[in-house]
Amino acid sequence: MSGLPVILVIGGPCSGKSTQCELMATKFGLVHLSSDELLKAEVATGSADGQVIDVLLKSDLAVPFDKILELMRKVVAETSRTSNGFIIDGYRLNIEQVKQIEDKVSEISSVIHFDVADDTMMERLLDHKGRSRHFGVIGKRIKDQLKTERDAISDVAEYYDKQGKLYRIDGNRSKIAIFRDVEICFGKKYTTERKPSENETIERVVGMVLKQFAKEVPEEYAEICENIEMQKAIMEAVKETTTEWMKLSQEVFDEQVEPTKVKEVFSKHLSSERIKLIEDGLRIPTFRLELKCNEEGHSAEFTTEYDEFSIPSVALVSYSSINNTKLWQYASIVVEAVGLLLAVNGIIVDLEQCLNHSINYTIGFLRSQPRFMNAIVNLSELWQEGRNLVQKANALYDFLCLLFDCKIFIHGLIKIFYSKSSWWKQIQTAATVTAMVMTHLFTGGLALIAALVLAISDAIDFGLKLCNVCKLQAIPLTL
C-alpha cells in the first residue's frame with residue numbers, strides 16, 4: 001500500500017520485541033505499529049469506534065482483528081510521506097493474521113525473530129508477574145503459554161524463512177548487544193534514507209525514558225505527572241544529558257579517538273572536575289577481598305575503609321562458605337559498576353553511610369537472578385584475556401548494558417545511594433542515567449566505551465576483584 005519497507009518482529013513474551021521496535025523506530029526513522037498502542041490511541045480520540053474499543057478492553061474482550069487492520073491502514077496512509085517504513089510488533093499474531101496484514105495493509109519485506117530460550121523467558125515472566133508461594137501454579141501456566149506461542153511463532157518463522165525474508169537474532173543478551181545485530185542487518189539499508197534529526201532523537205529518548213518510568217515505577221511517575229515543576233526539571237535534566245552524550249559520541253566518532261587521546265577529546269566538552277570524576281569512577285571503595293592459601297587450606301580476608309562495615313575472615317572449607325564469599329565479591333563488583341555509571345554521568349557517589357545496605361540489597365538481587373552471576377564470571381574471564389584497555393572497556397561496557405536491562409534493581413540501588421535526598425531527586429538521578437544509556441544505544445556506545453577507558457586505566461582494585469572471581473571458581477576443584 002505504501003511502497004515503504006514493512007518489518008515484522010516476532011518472538012515470545014518478554015523477548016525484548018517492544019524495546020527493539022522502539023529503538024529501531026528512533027534510530028531508523030520508522031513508525032512502530034503496535035496493536036495495543038493503536039487501540040489506546042483510538043480510544044483517546046473519543047470516536048464511536050474508540051468508545052466500542054474501550055468497552056471491549058475494559059471487559060477483557062478481544063477487539064476484532066479487522067478493526068486492528070483498519071487502524072494500521074489509517075496510520076500507514078497518514079505517515080507514509082514522513083517515515084522510512086514501518087515496524088509491526090507481531091506479539092500473539094498467528095500465520096493467518098500475518099497473511100491478512102499482507103493482504104489488507106502492506107507486503108512484509110523482512111521478519112526479525114528474537115529467539116529467546118524458554119528458561120530465560122520463564123525467568124523474565126516470573127519477575128514481571130512477581131514470585132510468590134503460588135510459584136508452581138504460575139510456572140505451569142507460563143510453560144503452557146510459552147508452548148502455545150512458540151508453536152505460532154514457528155509457523156510464521158517457517159513461512160518467511162522459505163521466502164528468504166527471515167532474520168534470526170539471539171535475544172538472550174543485553175538490549176544493546178541485540179541492537180548491534182539489528183543494526184548489522186538493517187543499518188546500511190536506512191543510512192541513505194531520511195535520518196531523524198538530533199532534536200527528534202532527543203525527543204524520542206525523553207519519551208522512552210518517561211515511558212519506562214511509567215511502567216517500572218508507576219506510583220512515583222504518577223506523582224511527577226501531577227507536579228508540573230518536577231516534571232519540567234526531570235525532562236530538562238534528561239534532555240541535557242542526552243544532548244551532552246550525543247555531542248561527545250559525535251566527537252569520538254569524528255576523531256576516531258585513540259585511548260591516549262580520550263582525555264584530550266573529552267576536555268572539549270567536560271570540565272576538569274568532571275573528567276577527574278570519570279577517572280576515579282572505579283575507585284569508589286566497597287571492600288577488598290584477599291584470598292590466601294596455606295597448609296590449613298584456603299581463606300578469605302576482607303578489609304574496608306568504613307568503620308560501620310566489617311566482614312569476618314572466612315575459611316573456605318565448604319561449598320557453602322565459597323558460594324557466600326563469591327556473592328560478597330560479586331556484589332562489590334556490581335555496586336562499584338553502578339557507581340561507575342553514575343560517575344561517568346557526573347554524579348558523585350558516597351558509600352560511607354549505605355555500603356552495608358547496598359551490598360545486602362545486591363546479594364539479594366544476585367540470588368534471584370543467577371544469570372548475572374554468570375555474567376560476572378564471563379566479565380572476569382574477558383578482563384583477564386583483554387590485551388589492552390579498549391578490549392577491557394568493551395567487556396565492561398557489555399556487562400553494564402546487561403546489568404542496566406534490570407532497571408528496577410538499578411533504581412533501587414540509586415535510592416539506597418541517595419536515601420537522604422528527596423524521592424524526586426532520586427528519580428531524576430535514575431532518569432539521567434537511563435537517558436545516558438539510551439543515547440548510547442543510538443550512537444553505538446563509542447563515547448561510553450571511551451569514558452570506560454579513562455576509568456579502568458588505573459582501576460587496580462577493580463581488576464583484582466575480577467581476578468578473585470576466577471580464583472574462587474577454581475577453589476571448589478581443590479576441595
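This is a conversation between a trainee and a mentor about a predicted model of a protein chain.

Trainee: How do you know how confident the predictor is in this chain?

Mentor: The pLDDT of the protein chain averages 85, and 92% of the residues score at least 70. Residues 131-135 have a pLDDT under 50, and the model has 5 contacts beyond four places in sequence for them. Where pLDDT is low, the predicted coordinates should not be read in detail.

Trainee: Let's turn to Ser83. Why is Ser83 called buried?

Mentor: The relative accessibility of Ser83 is 8%. Buried means under 20%, so Ser83 falls in that class. Ser83 sits in the loop between helix H4 (65-79) and strand E3 (86-89).

Trainee: And what does Ser83 touch, leaving aside its neighbours within four places in sequence?

Mentor: Ser83 is in contact with Leu4, Gly29 and Val31. In addition, the side chain of Ser83 reaches the backbone nitrogen of Gly85 at 3.5 Å.

Trainee: Now the cysteines. How many disulfides are there?

Mentor: The count comes to 0. Take Cys467: the closest cysteine sulfur belongs to Cys470, at 6.4 Å. A disulfide needs two cysteine sulfur atoms within 2.5 Å, so that distance is too far for a bond.

Trainee: What makes Cys467 partly exposed, and Cys21 buried?

Mentor: Cys467 has a relative accessible area of 23%. Partly exposed lies between the 20% and 50% cut-offs, so 23% puts Cys467 there. Cys21 has a relative accessible area of 0%, which is under 20%, so Cys21 is buried.

Trainee: What is notable about the phi of Cys14?

Mentor: Phi of Cys14 is near 60°, a positive value in a residue other than glycine. Cys14 lies in the loop between strand E1 (6-10) and helix H1 (17-28). Its relative accessibility is 23%, so Cys14 counts as partly exposed.

Trainee: What about the phi of Asp60, and is Asp60 buried or exposed?

Mentor: Asp60 is not a glycine, yet has a positive phi of about 60°. Asp60 is placed in the loop between helix H3 (48-58) and H4. The relative accessible area of Asp60 is 71%; exposed means over 50%, so Asp60 is exposed.

Trainee: On to the helices. Why is helix H20 called largely enclosed by the rest of the structure?

Mentor: Helix H20 covers residues 446-456, and 10 of its 11 residues are buried, so the description fits. Among the buried residues of H20 are Leu448, Ile449, Leu452, Val453 and Ile456.

Trainee: How do you know that Ala337 is buried?

Mentor: Ala337 has a relative accessible area of 0%, and buried means under 20%, so the label follows. Ala337 is part of helix H14 (residues 319-344). Not counting residues up to four places away in sequence, Ala337 touches Phe399 and Leu400. The C-alpha atoms of Ala337 and Glu42 are separated by 43 Å, and the two residues are 295 apart along the chain.

Trainee: Finally, the cavities. How many of 30 Å³ or more does a search of the whole structure find?

Mentor: The search finds 3 cavities. The largest cavity has a volume of about 50 Å³.

Trainee: Which helices each supply at least two residues of the lining of the largest cavity?

Mentor: They are helix H9 (198-216), helix H10 (218-226) and helix H19 (423-443). H9 gives the most, with 3 residues. The lining includes Val209, Leu210, Phe213, Tyr221 and Ile427.

Terms used: Residues numbered from 1 in each chain as written. Predicted model: local features only at pLDDT ≥ 70, side-chain atom pairs only at ≥ 80, totals over all residues. Heavy atoms only, no water. pLDDT = per-residue confidence, 0-100. Contact = heavy atoms within 4.5 Å. Helix = DSSP H or I, 4+ residues; strand = E, 2+ residues; numbered from the N terminus. Buried < 20%, exposed > 50% of the residue type's maximum accessible area, 1.4 Å probe, protein only. Polar contact = N/O pair within 3.5 Å; in protein donor to acceptor, adjacent residues only side chain to side chain. 1 Å grid on protein atoms, 1.4 Å probe; cavity = no way out; pocket = protein on both sides within 12 Å on 5 of 7 lines; lining within 4 Å. Points joined across faces, edges and corners; volume = space filled by probe spheres on them.
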